Each structure stands twice: as C-alpha cells, then as structure tokens.
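Student: I would like to understand how the words used for a structure follow from its values. Could we go through them one at a time?

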Amino acid sequence: MSDTPVDASKRTWLIASGCAGAVGGAFVAVPFVSSFQPSERAKAAGAPVEVDISALQPGEKITVEWRGKPVWIMRRTPEQLAALPKLDDQLADPLSTRTAYPTPEYARNVHRSIKPEIFVGVGICSHLGCSPIDKFQPGAQPSLPADWVGGFLCPCHGSTFDLAGRVFSNKPAPDNLEVPPHTYLSDTRLLIGEDKAA
C-alpha cells in the first residue's frame, strides 16, 4: 500500500471516464445485439399480406409487396372483361395449363381470378424477371399492335400480356404472369399468400 495521497480530481476524472465508457459501450451494444433480430420487413416477407381494396376503382391497379415480389391488384372494367374471351386465339396459354409455377385451380379461367373483376398477379415477366408496365389504353402505340385492347408490356424484350396476365403468342416470355395464392376475407379485404385450400 502506498502512502501517497490520491488526487481527488484524478479520482473524479477516472470515475467519470469509466461511466462514460460504460454508457458508450451500452449504446454501441444495443444496435449490435438488436441487429441479430429479423427486421419487421423480413418477418413480413414470407407472411401473408392483407390488403384493403375498398377504394380500388374500375380501371385502377395497386401494387403491394409479398415475398419480395410486386403483386398487382386490378379492378377491371366491364369493357376490359368483355375483351378477354376474344383474345384466346392470340395467346400462348389461354387457360394457364403449362406454366412453370402452378396456377391455383380458381384462376384457371378466362379471367384468371376468383372474382372476374379483380385480377391478382405477380408483376414479374416470366422471361428474365423484368417488371411489365401498364398499357391499359387500347389502340396502336409504340411497341404494340394496331389492334391492342389493353394489357401489360415488358419493356425489356417486348413480351405482351393481356389484362388477365396471359402472354401473347410468339413472345419471349414462356409463361403467363404468376397468380399468387389468395383469398377474400370479405368483399373489401384480400389476403395474398394463403388460400382456402391451404
């Protein structure tokens, strides 16, 4: 033991430095430890997504994210619905029987949907994964035929899809757009990622 007196100012400085170091260490540790927890986005990535479609008007489309993919929900007009059956002879797979991913049984119809007016589809082209753009306006337009009735155009390689996500013949895309599993919780609530069969 030393007989040298301890300088009170040094003692105070050492205690304050130690406390500041402990507090600083805690501030550093909290984000580090919490980074091991999955984010809210990661938790939701595989979970079903509930969507309110009450404000969706005829001719409008909204996009939500499910499993990291854009999912389109579109309310088709009566005119758009009436045009769908007339396109069968121009389509590569009108009833979605040859797709690489299984089309739910309830979507193997001309509308590719549970409710004819509501289309639910993954907005990723089956060719190389680009996202098609809306081309709802009928008539001749750049990169589209003169008798275009409305649908989607993939800007990467020119694949075209009707308003049910069915690919036109002789296009690079090998398959129709994917229809994800989905079900209606009510007339205005849609659950994407689960269906009644699951």
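Tutor: We will take a few residues, the sheet and the nonpolar cores in turn, keeping in mind that this is a predicted model.

Student: Why is S159 called buried or exposed, whichever applies?

Tutor: The relative accessibility of S159 is 1%, and buried means under 20%, so S159 counts as buried. It is placed in the loop between β6 (151-153) and β7 (160-161).

Student: What makes the pair S159 and A173 a polar contact?

Tutor: A polar atom of the S159 side chain lies 2.9 Å from the backbone nitrogen of A173, and a polar contact calls for N or O atoms within 3.5 Å, a limit that this distance meets. Beyond four places in sequence, the residues in contact with S159 are C125, F152, L153, C154, K171, P172 and A173.

Student: Why is Q90 described as partly exposed?

Tutor: Buried means under 20% and exposed over 50%; Q90 has a relative accessibility of 31%, and therefore counts as partly exposed. Its place is in the loop between α3 (78-83) and β4 (118-122).

Student: How do you know which residues Q90 meets in space, apart from its neighbours within four places in sequence?

Tutor: Contact requires heavy atoms within 4.5 Å, and with those neighbours left aside Q90 is in contact with D147, F168 and S169. For F168, the C-alpha atoms lie 5.9 Å apart, although 78 residues separate Q90 and F168 in sequence.

Student: What makes β2 and β3 a pair of strands?

Tutor: Pairing needs at least two bridges, and six bridges join β2 to β3 (residues 69-75), the two running antiparallel; one of the partnerships links K61 with M74 in β3.

Student: Why are β2 and β4 said to stand at the edges?

Tutor: The open sheet has three strands in the order β2-β3-β4, with antiparallel pairing. β2 (61-66) and β4 each have a single partner strand, so one side of each is left without a neighbour in the sheet. From one strand to the next, the twist averages 20°.

Student: Which residues have the most contacts inside the largest nonpolar core?

Tutor: That core has 18 residues, and L84, F152 and F161 are the ones with the most contacts inside it. Another core lies apart from it, with 14 residues, among them V51, L56, W66 and I73. In soluble globular proteins, nonpolar side chains tend to be buried together.

Note on methods:
Residues are numbered from 1 along each chain as its sequence is written. This is a predicted model: local features need pLDDT of at least 70, side-chain atom pairs count only at pLDDT 80 or more; totals for chains, interfaces and linings use all residues. Side-chain values use heavy atoms; hydrogens and water are left out. Helices (H or I, at least four residues) and strands (E, at least two) are DSSP runs, numbered from the N terminus. Buried means under 20% relative accessible area, exposed over 50%, partly exposed in between (1.4 Å probe, protein chains only). A nonpolar core is a set of buried Ala, Val, Leu, Ile, Met, Phe, Trp, Tyr and Cys residues joined through side-chain atoms within 4.5 Å. A polar contact is a pair of N or O atoms within 3.5 Å; within protein, one must be able to donate a hydrogen and the other to accept it, and residues adjacent in sequence count only if both atoms are side-chain atoms. Axes are lines fitted to C-alpha atoms, for helices over the stretch in contact, and angles run from 0 to 180 degrees between N-to-C directions.
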